[in-house]
Amino acid sequence: MAVTVRIQEEDFSLAGEWEALRQRTGGTAGGIVAFAGLVRERARAGEEVSRLFLEHYPGMTESSIEEIIGRARERWPLQDVVVVHRVGDLEPGDQIVLVLAASAHRGAAFAGCEFIMDMLKTTAVFWKKEVQTGSEGTWIRSTGDDFERAKHWQDDA
């Protein structure tokens, strides 16, 4: 089982990451599921977002993501997982996160990818600030919906 976790400022290539994962599985994966998250154009309160700023704590952030992936591997037979998360200043429409999950069977790949993304939203170590035109911005937290989705996985355990 291969695991790739990268935190970076530069953009990523979904197609490039997908192809690299496909090559690593050597034809044994029956399915690869991808999720690519984008920076929203509207803040949660409805205002227009001019940028999103993300900070992380090197080492701690990667460790928190590796723990999430480990929990996913305990539940599903994942062959390979890739998580790329961007930090720094991002604009609306920019890619912010990529999760790829490969498994011999599509159900495990879908569930593993969804689980990892739901846990990233609630337990990964990041600080996010939405900045609207003419404001200093607002530090944002996970929403009630984010925690409900995460709780769903606890109920399934």
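The expected span of a helix is taken as 1.5 Å times one less than its number of residues. In the predicted model examined here, helix H3 (residues 106-123) comprises 18 residues, and at 1.5 Å a residue a span of 26 Å is expected; the C-alpha atoms at its ends lie 25 Å apart, in agreement with that value. The same reckoning was applied to helix H1 (residues 14-25), where 12 residues should span 16 Å and the separation of the end C-alpha atoms, 17 Å, agrees.

The protein contains 4 helices and 8 strands. Read from the N terminus, the order of these elements is β-α-β-β-α-β-β-β-α-β-β-α. Of the 157 residues in the protein, 41% are buried. Contacts between residues at least 6 apart in sequence were also examined, and 77% of them join residues at least 24 apart.

Four strands form an open sheet in the order S5-S3-S7-S8, with antiparallel pairing. Its edges are strand S5 (88-90) and strand S8 (138-140), each of which pairs on one side only. From one strand to the next, the twist averages 30 degrees. Within this sheet, strand S3 (residues 49-56) and strand S7 (residues 126-132) run antiparallel and are joined by 7 bridges. Val-49 is placed opposite Gln-132 of S7, and His-56 is placed opposite Phe-126 of S7. The pairing of S3 with S5 is likewise antiparallel and extends over 3 bridges; here Leu-54 faces Gly-88 of S5.

Burial in helix H1 was considered next. The buried residues of H1 are Glu-17, Leu-21 and Thr-25. Viewed down the axis of H1, these buried residues fall within an arc of 70 degrees, and they therefore line one face of the helix. The cover over them includes strand S1 (2-8), strand S2 (31-38), strand S4 (78-86) and strand S6 (95-103). After H1 comes Gly-26, with a positive phi near 60 degrees.

Trp-18 also lies in helix H1. Its relative accessibility is 32%; because the partly exposed class lies between the limits of 20% and 50%, Trp-18 counts as partly exposed. When neighbours within four places in sequence are left aside, Trp-18 is in contact with Ile-32 and Leu-100. The C-alpha atom of Trp-18 is separated by 8.8 Å from that of Val-82, a residue 64 places away along the chain.

In helix H3, the buried residues are Ala-108, Ala-109, Ala-111, Gly-112, Cys-113, Phe-115, Ile-116, Met-117, Asp-118, Met-119, Leu-120 and Thr-122. In soluble globular proteins, nonpolar side chains tend to be buried together. The largest nonpolar core of the model has 32 residues, and those with the most contacts inside it are Ile-65, Trp-76, Val-83, Val-99, Phe-115, Ile-116 and Leu-120. At least two residues of this core are supplied by each of S1, S3, helix H2 (60-75), S4, S6 and H3. The greatest contribution comes from H3, with 9 residues. Apart from neighbours within four places in sequence, Ile-116 is in contact with Ile-68, Ile-69, Ala-72, Val-81, Val-83 and Val-99. A second core, separate from the largest one, has 7 residues, including Phe-12, Leu-21, Val-82 and Leu-100. Of these, Leu-21 is also one of the buried residues of H1, and Leu-100 is one of the contacts of Trp-18.

A further site concerns His-85, which lies in strand S4. With a relative accessibility of 5%, His-85 counts as buried, since the limit for that class is under 20%. Leaving aside neighbours within four places in sequence, the residues in contact with His-85 are Arg-6, Ile-7, Gln-8, Leu-54, Ile-96, Val-97 and Phe-126. Two of these residues recur in the pairings of the open sheet: Leu-54 is opposite Gly-88, and Phe-126 is opposite His-56.

Conventions: Residues numbered from 1 in each chain as written. Predicted model: local features only at pLDDT ≥ 70, side-chain atom pairs only at ≥ 80, totals over all residues. Heavy atoms only, no water. Pairing = 2+ DSSP bridges. Axes fitted to C-alpha atoms, helices over the stretch in contact; angles between N-to-C directions. Buried < 20%, exposed > 50% of the residue type's maximum accessible area, 1.4 Å probe, protein only. Arc of directions from axis to C-beta. Contact = heavy atoms within 4.5 Å. Core = buried A, V, L, I, M, F, W, Y, C linked by side-chain atoms within 4.5 Å.
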